[in-house]
Amino acid sequence: MPSSPQQQPSPPSVQEETTPANSLSPPMSPSLLSIAQRPEQQQQQQQHRHQHTPSTDTAFMPRTSSLNNQHSTPTSPTSVMGGPRSIHDALLSPINQSAPNSAKREHKDEGEEEQSMVAPLLAFPDYSLLSELGQKLVIEVRHLNKHRKIFCSIEYPLSFTGQEATQLIQSFLPGGISDANALLVARALVRTSPPLIGPISYSEKSLKRNTLYPSEYEVYTLLEEDPEIPQGVFTPLTRCYTQSCLPGQGGCYAPLCPNRDVEDNNEEDGEDDSKEKKTKDEGLGRHSSMKSMTSSSITSSHDTTLSRAWSATMSREVLLNTPKQEIARQEAIHEIIYTEEDYVRDLNLLDELFAKPLRTAQCLDVDIRDEFCDNVFNNYKDLLAIHRDLCRDLRDRQSESQGGFVGHVGDVFLKHLPSFMDTYSQYGPQVILAEYAVKQESSKNILFHNFIHDTEKKAECRKLPFRHFLILPVTRLQRYPLLIGAILKKTDDDHPDKAYLNSCSYILREVATCMDEGTEETKKALRLRQINDAIRYKPGEEDSYNQLQLLDPERQLLHEGPLTRRSHMGVETIELQVFLFDHLLLMTKSRKGSSSSSEVEYHISKKPIPLALLQAQEATEGFAVGLRQMSSTASTATSPQQQHQLQSSVTSPTGFGISTATNSGHCPMLIHHLGRHGGDYLLYAENSLARMAWKEKIVEAKASLEHAHPERQVFEIRTLSDTHFAGAGSHTALNHGKVTCSIPFEGANGIRMIAIGTNLGVYMGVEGDTSSTRQVLSLSDVHQIAVLEANHILVVLADKTLYAYALQGLDPTASSNNNNSSSSKSPVQPSQKIAQHISYFYAGVCNGRTLVVAMKRRGMDSHFRAYEPVCGDLRHPKNAKYLATKSGLFNIKQPPAWFHVYKEFYIGADSSAVHLLKARVVVVCTRGFEIIDPEHLTMNRNLPDVKHPDFAPLVQRGDDIKPLGMFRCGGHYLLCYDAFAFLVDSHGTLIKNSWIEWEGTPQSIAFCYPYVVAFDPRFIEVRHAESGELVQILAGEHMRCLQFTSSVTSPGLFAPIIHGCMAHPFKPDFQYVFQLVTTFQPTAV
């Protein structure tokens, strides 16, 4: 087995792949050669290229001219071999097609001759070169293992049978090669230096003779995952130097003709070559040199010259007197015993050569050494202890046998099998993670790589890779049922060992099944690690990567697959690899790794989408980024023609209309990333089934997330009005206008009622009963409503006028109203006009007083009046004077005023809302939050102090931020803006680590301690006010807050009232009015 010419004194069959520069090329057939041009010709050709079209640097010339011109400029080996490199390739080469025209070229003029001499250089593989032959075989073996698996594929992922090896070689070598020649090629690759192919540990016959057999029962493998390809020339595949000798003709007169049929050397019979064959093959012959080239052996840890069969240990007389079935049974028993010895031997090697040295080796960092070894080797010591005892007991049973016949082995196995379940269930599933850890460490740690490589070279390893020893317990457990089954087949039914063996077989199957189930789960963890290691991100995207947390023990990959999207202009199609985890969805672009062509890198394409902020729906290309055709409850009415145009074509952000046709049969899917940091992404699945799979997986993932964290469902949605209020664009009879506000109250008979305001009036009904809702007031542009429960007064702000109505006269459940018609045109209800030109108001309790605080804008200032009711409970008979209207002779005497002005104050800034604290009034204005003491109007203060450096973000954003609300939170105050919120103490100092960044852009804020509720047009965001943690997301379209009352005047109602409205989730043409109900017991602030 020479690796170079110096190692083989006789002319080698495998030669170097280089040829001296001054040597002539061997004769070729057919008689055309592609030769290199002379230097002066090359210079002329380069000058000619500037004037004519480019061409290559080789020419076709008659073979006689190249052979006769002995004194010509020497040609380089590369140029000489530019034509077909073998006689087989020459037959298939298109160069032959130009042979009849070669003579005509000699008669062309000089200019045409220069052009005709230039022809493309066609490269064909020369499989007589071991480098090309080996590379091709490696490619074919990898392709083969992708499409089929055999019993040892887990341990040897690049394995194949001897029959497959010869078939693969025949598949890519030129046609006509015989089975014998293919077998010689395969055997040569076993014995090259370094060897490319080697038998696996289960192929005893091949290991013994270090050769390859064309059998489906002998299995071989590539010795390394990325094997070192041997170099040299395999002379039996080279051309014959006789011009007329072609493959398939039986050879010619040449004594070394490679086309001569080769007789198969039957090494399987175990007989040495006869003296006659040795004499025949002596001398300078290609086949004899090939045999001498393959004369080396693979180092083995046991003596392969001795047979390990049971029959080899018995005398001929005993074998002749023993039934064949008993011989087969003893062979099976003997095999399970000596293979158990081999197994224990390899476990000892794993311990002595790898596990123990790595515990102290300097190739691993001290900080990770113990953790790495624990993850890689796991509980191998437990396995070693179990199988040492099992092997010892089997040997004892064998030594106790009479005459070499072992009667029972099932009871021995049954004694040790109970400990298999826990031990193998722990080790087996973790093997794939151990392999991956070794691979990753080896790729980035050259010292560790060298340690493993050097250890594998030791004779004890028998040239087996580290992976063999690591995965051996898994393959051994899978082989036990086969070994036990072989004994069972040869054991009579009445044999005492039959029952033991059946029990062993059942237990082993149970252990294997349990290990396989654990392996399936571990494969998911492995995939997560592979994705995590392959993730790439740009500078500045560290937050996106840290958000993934793929190595979290609870993390799960739910779905992955390819999707496509279009570029911003809609021209380029971008391929995406999308991953759906149990907490977010990630879109990446897959690219080949820089270190290895087989590795894939995933570059983050868009920000990860948390599942709580993820929505998916079917779409057409009419859906553009940021634009969706939805039935809006907030838009103005449009004609059917306009709606049709909107559905058929939507203008993209670039201003171009987009067709609603699907993309070449691909199925579009619209992915919504809710929030200010998100967006809408129009993705395409390969087909409708793939799109449906994505939608189902997303729905399942969101449902699983909710079920996994029930403690996060702090609010539930309770229906107040389902389909009573149609959308603003609807022309049906149910179009009662856009819902703007709502308030609950207790009706005349103690029934929970609800009042709903729209831009067409006020409606009342029983809470939750849509059919009972009726209009009670016909007012235009109702903006706010409130109920003073103690006084039984309904306060309405309509068309900037503040009204007060006696609630009893409006209640549809009151007995006095039941006799009236259901029409809204009932007799005039008792009411009073409180004020005009009011922008907004707030009703609540402050300093023990029920107040209605109304704001009137005067220029840039905000003027406030606090009205206090003085009429008492209008239902009480003693207060009937406030409802009676007296008619005089000349005029009508109005009843006394229901309210009087309690306080008046103003602030020199534009304001948007007012809140009542226990003893203070909070005005939300452009300067922030003005704190006003109604009893001491001169002692006002402003929060926050923008001059303090802690509030620099407020100053930096300037007018871009809008204050929304201020609430008492424990011993602090929560200040909420449309971009963030934070806590301050009673002195206005910022509480550290209390800054909250909203996911969305809230338009209004509600508060129910300890949670703050932000209303974004597309979702409701619930956060813990003190920790800032995102707790819950409630998604919907056209979300808005209708009512938030933090200080409730009615007794028994402790929880704040939070009402909202959105587009109906199932009937988008209707407005859905709801209440947020707590699932926890609210506590006092």
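The following exercises, with worked solutions, concern a predicted model.

**Exercise 1. Cysteine pairing**

Determine how many disulfides the model contains, and explain why Cys 245 is or is not bonded to Cys 257.

Solution. Begin with the cut-off: a disulfide requires two cysteine sulfur atoms within 2.5 Å. Next, take the sulfur of Cys 245 and find the closest cysteine sulfur, which belongs to Cys 257 and lies 3.5 Å away. That separation is too far for a bond, and therefore Cys 245 is not bonded to Cys 257. Seen from the other side, Cys 257 is in no disulfide, and its nearest cysteine sulfur is that of Cys 245. The count for the model is 0 disulfides.

Which relative accessibilities do the two residues have? Burial requires a value under 20%. Cys 245 has 2% and is buried; Cys 257 has 3% and is buried.

**Exercise 2. Helix α16 and its surroundings**

Compare the span of α16 with the expected value, and state which elements its buried residues pack against.

Solution. Helix α16 covers residues 380-400, 21 residues in total. From its first C-alpha to its last it reaches 30 Å, close to the 30 Å expected at 1.5 Å a residue. The next step is to identify its buried positions, which include Tyr 380, Leu 383, Ile 386, His 387, Asp 393 and Gln 398. Finally, locate their packing partners: the buried residues of α16 pack against α14 (324-360), α15 (366-377), α17 (410-416), α18 (420-427) and α21 (466-489).

**Exercise 3. The largest nonpolar core**

Identify which residues of the largest nonpolar core touch the most other members, and which helix contributes the largest share.

Solution. The core has 65 residues, of which Phe 377 and Phe 420 touch the most other members. Its largest share, 13 residues, comes from α14. Taking Phe 377 and setting aside neighbours within four places in sequence, one finds contacts with Leu 350, Phe 354, Ala 355, Leu 358, Tyr 427, Phe 466 and Leu 470. Another core, of 33 residues, lies apart from this one; among its members are Phe 967, Cys 969, Leu 974 and Val 1031.

**Exercise 4. A four-stranded sheet**

Establish the strand order of the open sheet of 4 strands, and explain why β18 and β21 are edge strands.

Solution. The order is β18-β19-β20-β21, with antiparallel pairing. β18 (739-746) and β21 (774-777) each have a single partner strand, so one side of each is left without a neighbour in the sheet. Neighbouring strands are turned against each other by 30° on average, direction ignored. At one edge, β20 (residues 761-766) pairs with β21 over 3 bridges, and Val 762 stands opposite Leu 777 in β21.

How values were computed:
Residues numbered from 1 in each chain as written. Predicted model: local features only at pLDDT ≥ 70, side-chain atom pairs only at ≥ 80, totals over all residues. Heavy atoms only, no water. Buried < 20%, exposed > 50% of the residue type's maximum accessible area, 1.4 Å probe, protein only. Helix = DSSP H or I, 4+ residues; strand = E, 2+ residues; numbered from the N terminus. Expected span 1.5 Å × (residues − 1). Contact = heavy atoms within 4.5 Å. Core = buried A, V, L, I, M, F, W, Y, C linked by side-chain atoms within 4.5 Å. Pairing = 2+ DSSP bridges. Axes fitted to C-alpha atoms, helices over the stretch in contact; angles between N-to-C directions.
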